[in-house]
Amino acid sequence: MPPEDPSTNLPQPLLDDIDDLGMNAASLAADIRRHFNHTLGCDKHSISAHHVYQAVVIALRDRLMERWKRTHYSYQQQKCKRTYYLSMEWLMGRSLANAMLNLGVTEATAEALRSLDLNLEEVINFERDAGLGNGGLGRLAACFVDSCATLQLPVMGHGIRYEYGIFRQTIKDGNQVEEPDHWLVHGNPWELERPEFGQRIKFGGRVEYAQSTERGLQVRWVDTDDVHAIPYDLPVPGFQNGTVNTVRLWRAVPTEEFDLNKFSAGLYPEAVAEKTNAENITKVLYPNDATEQGKVLRLRQQYFLASAALQDVMRRWVRDFGDDFTRFADHSCFQLNDTHPAIAVAELMRLLMDRHGLGWDAAWRITHRCMAYTNHTLLPEALERWPIAVFGEMLPRLLDIIYEINARFLSDVAKRWPGDTGRQRRMSIIEEGEQKQIRMAHLAVVGSFSINGVAKLHTQLLQQGIFSDFYQLWPERFNNKTNGITPRRFLAQCNRGVRELISEKIGTGWMTDLTGLSDIQPCAEDAEFRQRWLTAKKQNKERLAALVQTQCGVRFDPVALFDVQVKRIHEYKRQTLNALHVIHLYDRIKRGDTDGMVARCVLFAGKAAPGYWMAKRIIKLIGNLARVINEDESVNELLKVAFLPDYSVSAMETIAPGTDLSQQISTAGTEASGTGNMKLIFNGAVTIGTLDGANIEIRDQVGTDNFFLFGYTAEQLAGLRGGYNPQLLIAQDEALHRVFALLESGHFNQFEPGLFDAITNSIKSPYDPWMVAADFRSYIDAQNCVSDTYRDRDRWARLSIANTAHCGYFSSDRTIREYNRDIWKLQPVSPLASTWQVATDQRDIDE
């Protein structure tokens, strides 16, 4: 365990305020030069892009540090309530451009670098995306903390500092190939290691119970295999307001680095076995859980995060308030970002009872008032379940606590519905069966005072579906918080041309109040404004075309319709439906049936989970389509297809501004919300989509005339199940029949027979849960409407402007205001002008 922080003995002059660092180009240039030469020790022989990037980051981090300390001193002085956002994913993207924007020094930094004969764009492009997330879940968390800082809310994120990201995706012969994403290969100059705040995490062992007349039942979790959790802090600046919040990421290290006796005996692997086992916990984001070892590692990751975060919060509480936890829930809220951190419910109970001596009732009152749960999925297989045998061996004390929570909860259910054993089985945290399992989503619901979905339809389906029994028991706990994204990164930062055009017309207030964008709607009637809008869009499309050319070797014509579907590869997101439309267009062109068509460039991007065979086969299908179509000169004037590898946040910052048509085509009733749909409409893309997730609210906001709707509703699809006959649909629809004839003839896999049989058989099955064939005709008709509209560029410009003008509801600032109003109930805190208005000794320096 690291020693206690000795900083309380530091002399006060060391801690006194220093003059604020300059924010102009000359001050920045001087600091960049100083850090390059002195902090990094570089000279003419060691200069590299890496060192230049690091020098720029450190210079900016110095300026963040001033604001970071003031922010947290202010929180400590006011003893304000705080929220802790627990998430297994943090898809932060690149930080440099965002930090400059939020500090208000983008132009000053560019000028500083020019004075040093350096180029800002090249420095920005050197930065690697932080590999801490996979998709929307992690990006949402990053957007939320950005908004919290902008709204000056005392919110701190907790996550895992994965050494390797999800994986680096390459495409070889059309197949996804996973390679290690060592995003930390050059280190992370934004982070601060804080070993003085490390925590000890227990695994395994056994539980001892002892009854004492003085202290009652005493519980000890002993003979455990422990690891240390070491925190690394990332700054999260608000938009030009002086607030800098924190995301604290935890790294696992061994309690003993090295067994010298084993090494001396020649047992070299055994000498470092403890180090290897500990570090594996934070080695890789989402290990493949197709194996038992993968499942065990994922559970270890989830408990590691929850325990480290909770111990850290309670350490700070004891420092500030002592051992009295009576008002802990008045000052603390834990927001669980999906089901992964649900184990925090049982862990908080353990810490309150076993470490701080509270009784069950007192501990439960605190826990239930602290925990809030956000659900992000309607798919039952995505809700965490852990076999009792695995869970009990790894976390025996927590298993005991979960059993007790469940017993007391089922007693309440029995009182509400006497004799309804079927309901008790459905609601139980413990799922009975040949292999008993813990339903972690049920634990989260039972232990939380708030349960929210992330779009109106999603919340409605939670209440009517997987959580219907709980909703009947506790309707007051359920609420909706439709997702949002940060407009700073996904419009102001990534789309300079449109940002400047908008700000010229209505000012810059929209960056913190996105509803202000509605003021540009009247500009859609101005022919000159529409032309400037289209010019900015064309420039963005040229940037995207250059990216596609570089990464895929495919030339996209910026005049063509850029038709984009970028998201995690999954059957419910229906990349297959998009692929069927591509084959339909190819078939029409080859037959000479091109009336009404417009030139179209179709872009796919997204990663498939390494163990998800069907998703990887869908990528292969797209790759084969792209190869056949792009090599056919008779088709290329009207159709191009590309799959962009290794989709990331930084890639989206180029994709979103360059997109014309946003494909949001998941089966109705399957997508919780989606955030890619929001990023694209921010930048003027027009959506073609089903009534699923946040699409419904997007359509409501932008207007029905500015959204291409198709497909059955969730209710209509429910009515079709049981009598669904996709083979009849294929036989009756000539276009769909021709598409399947091409697929099943092997036209796109002439040297790989049977390659796509699994895909075609799935679509033709009456049990296809994604109902691809059912929506095909409606989708084709909507795509024809897209082509008709795009031919009239003036009309398309109006649609594009309308989508941006009415996207304000989907700002994460609005979402966070709703979380705070209904769940967290925090007071905004403005940083003090001087750190020493608050801190009188180093004990107060905590973050």
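These legends walk through several close-up views of one predicted protein model.

As this is a prediction, local features need pLDDT of at least 70 and side-chain atom pairs count only at pLDDT 80 or more, while totals for chains, interfaces and linings use all residues. Residues are numbered from 1 along each chain as its sequence is written, and side-chain values use heavy atoms, leaving out hydrogens and water.

**Figure 1. The whole protein, with its 36 helices and 23 strands.** Helices (H or I, at least four residues) and strands (E, at least two) are DSSP runs, numbered from the N terminus. The radius of gyration is 28 Å, close to the 29 Å from the globule rule for 847 residues, so the protein is as compact as a globular protein of that length. This radius is taken over C-alpha atoms, and the globule rule is 2.2 Å times the number of residues to the power 0.38. Along the principal axes, the C-alpha atoms fill a box of roughly 90 × 75 × 60 Å. Of the 847 residues, 60% count as buried. Buried means under 20% relative accessible area, exposed means over 50%, and partly exposed lies in between (1.4 Å probe, protein chains only). The accessible surface is about 32,700 Å², and 48% of it belongs to carbon and sulfur atoms. Such areas come from the Shrake-Rupley method with a 1.4 Å probe; for residues, only the protein chains shown count as cover.

**Figure 2. Strand β19 (residues 600–605) and its surroundings.** Six of the six residues of β19 are buried, so the strand is largely enclosed by the rest of the structure. In a regular strand, side chains alternate between the two faces of the sheet. Here, R600, V602 and F604 lie on one side and C601, L603 and A605 on the other, and all are buried. Two strands pair if DSSP finds at least two bridges between them. Strand β18 (residues 561–566) pairs with β19 in the parallel sense over six bridges, and L561 stands opposite R600. Strand β20 (residues 639–644) also pairs with β19 in the parallel sense over six bridges; look for K640 of β20 opposite C601.

**Figure 3. The link from β18 to β19 through helix α24 (residues 575–590).** Together, β18, α24 and β19 make a right-handed β-α-β unit. A crossover is right-handed if, with the strands pointing away from the viewer, the path from the first strand over the helix to the second runs clockwise. In the loop between β18 and α24 you can find K573, which is buried with a relative accessible area of 7%. The K573 side chain makes a polar contact with the side chain of Y572 (3.1 Å). A polar contact is a pair of N or O atoms within 3.5 Å; within protein, one must be able to donate a hydrogen and the other to accept it, and residues adjacent in sequence count only if both atoms are side-chain atoms. Not counting residues up to four places away in sequence, K573 touches residues including Q565, I665 and E671. Contact means heavy atoms within 4.5 Å.

**Figure 4. Strand β2 (residues 155–160), between descriptions of two partners.** Six of the six residues of β2 are buried, so this strand is largely enclosed by the rest of the structure. V155, G157 and G159 point one way, while M156, H158 and I160 point the other way. Strand β1 (residues 82–86) pairs with β2 in the parallel sense over four bridges, with Y84 opposite M156. Strand β10 (residues 244–254) pairs with β2 in the parallel sense over five bridges, with L249 opposite G159.

**Figure 5. Two glutamines with positive phi, Q152 and Q240.** Most residues other than glycine have a negative phi. Q152 has a phi near 60° and sits in the loop between α7 (136–150) and β2. Q240 has a phi of about 50° and sits in the loop between β9 (227–237) and β10. At 14% relative accessibility, Q152 counts as buried, whereas Q240, at 48%, counts as partly exposed.

**Figure 6. An open sheet of three strands in the order β13-β15-β14.** The pairing in this sheet is antiparallel. Its edge strands are β13 (385–387) and β14 (430–431), each pairing on one side only. Two bridges join β14 to β15 (residues 437–439), and I438 of β15 is the bridge partner of I430.
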